[in-house]
Amino acid sequence: MPLSERDQQLALSSFPFLAEASRDVQQSFFSNAIYQKIPENNFICMDGQSCGFLPLVHSGVARVYKASDSGREITLYRIYPGGVCILTGSCILNGRVFPAYAVAETEVEGFVVPSQIYRVWMEQYRAWQNFIFAAFADRMSILVETVEEAIFGRLDSRVANLLLELPRENPRQTITTTHEAIATELGSSREVVSRLLKGFEREGLVELGRGTIRIVDDNGLRRKKS
């Protein structure tokens, strides 16, 4: 079923390449893409699952991560509004299963494109190719940085970098998260992360609350990550 007029406008507002593409590209997207809304904390794709659709995010945030047999996790990247899951795109093109987990960190609203349509568009439409290749290039650089940080980076620098990236609730610049969640994100332990955060608090960089962290000194955190 073609996208409704409302969903067509959502797609055009979310993906600049689509708004600038030819009418043929737009009509093919409107005819084949499927609107979806995924509740917070629901899985979008599981490790080992076949990739039948390519997800594109209109609103909300999805997290893609690897998990070890012992339960430790490391975030590979997040998909923000206007973004696409490049790991899924790669698996579709290579005929491989999804090698990680993708979960909706918040409620996610967006579109999925059937894998066979995705392959056809990669052959037919330059606008689609440019969009996908740009996403690949952007996310690959983030993946390389993630690996470098995990292997070579100091944990205090990685914690500071994560605090600068996480969304805040204005006007108090407050992040809603836990020490356990940060440890999971970075593949560390809660005890080590708590010790670092308490050190940040003593330095006047943050204020710690129950399930919250208020950012006091952005510049100080930036110096920590450098």
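## The β9–β10 hairpin

How many residues lie between β9 and β10 in their hairpin, and which turn residue has a positive phi? In this predicted model, the hairpin leaves 2 residues between its strands, and glycine 211 in the turn is the one with a positive phi, at about 75°.

The two arms are β9, residues 206-209, and β10, and they zip up antiparallel over 4 bridges. If you want a landmark in that ladder, look for leucine 208, which sits opposite isoleucine 213 of β10.

## The other partner of β10, and its two faces

β10 also pairs with β8 (residues 174-176), again in the antiparallel sense, through 3 bridges. Here threonine 176 has threonine 212 of β10 as its bridge partner.

In a regular strand, side chains alternate between the two faces of the sheet. You can follow that along β10, residues 212-215: Ile213 and Ile215 make up the covered face, while Thr212 and Arg214 are on the uncovered one. So what about the residues picked out above? Isoleucine 213, opposite leucine 208, belongs to the covered face, whereas threonine 212, the partner of threonine 176, belongs to the uncovered face.

## The four-stranded sheet

Elsewhere, there's an open sheet of 4 strands, ordered β2-β6-β4-β5, with antiparallel pairing. β2 (43-45) and β5 (73-79) take the edge positions; each has a single partner strand, so one side of each has no neighbour in the sheet. From one strand to the next, the twist averages 30°.

At the β2 edge, the link to β6 (residues 101-104) is antiparallel and consists of 2 bridges. Phenylalanine 43 faces valine 103 of β6 across that pairing.

Methods
Residues are numbered from 1 along each chain as its sequence is written. This is a predicted model: local features need pLDDT of at least 70, side-chain atom pairs count only at pLDDT 80 or more; totals for chains, interfaces and linings use all residues. Side-chain values use heavy atoms; hydrogens and water are left out. Two strands pair if DSSP finds at least two bridges between them. Axes are lines fitted to C-alpha atoms, for helices over the stretch in contact, and angles run from 0 to 180 degrees between N-to-C directions. Buried means under 20% relative accessible area, exposed over 50%, partly exposed in between (1.4 Å probe, protein chains only).
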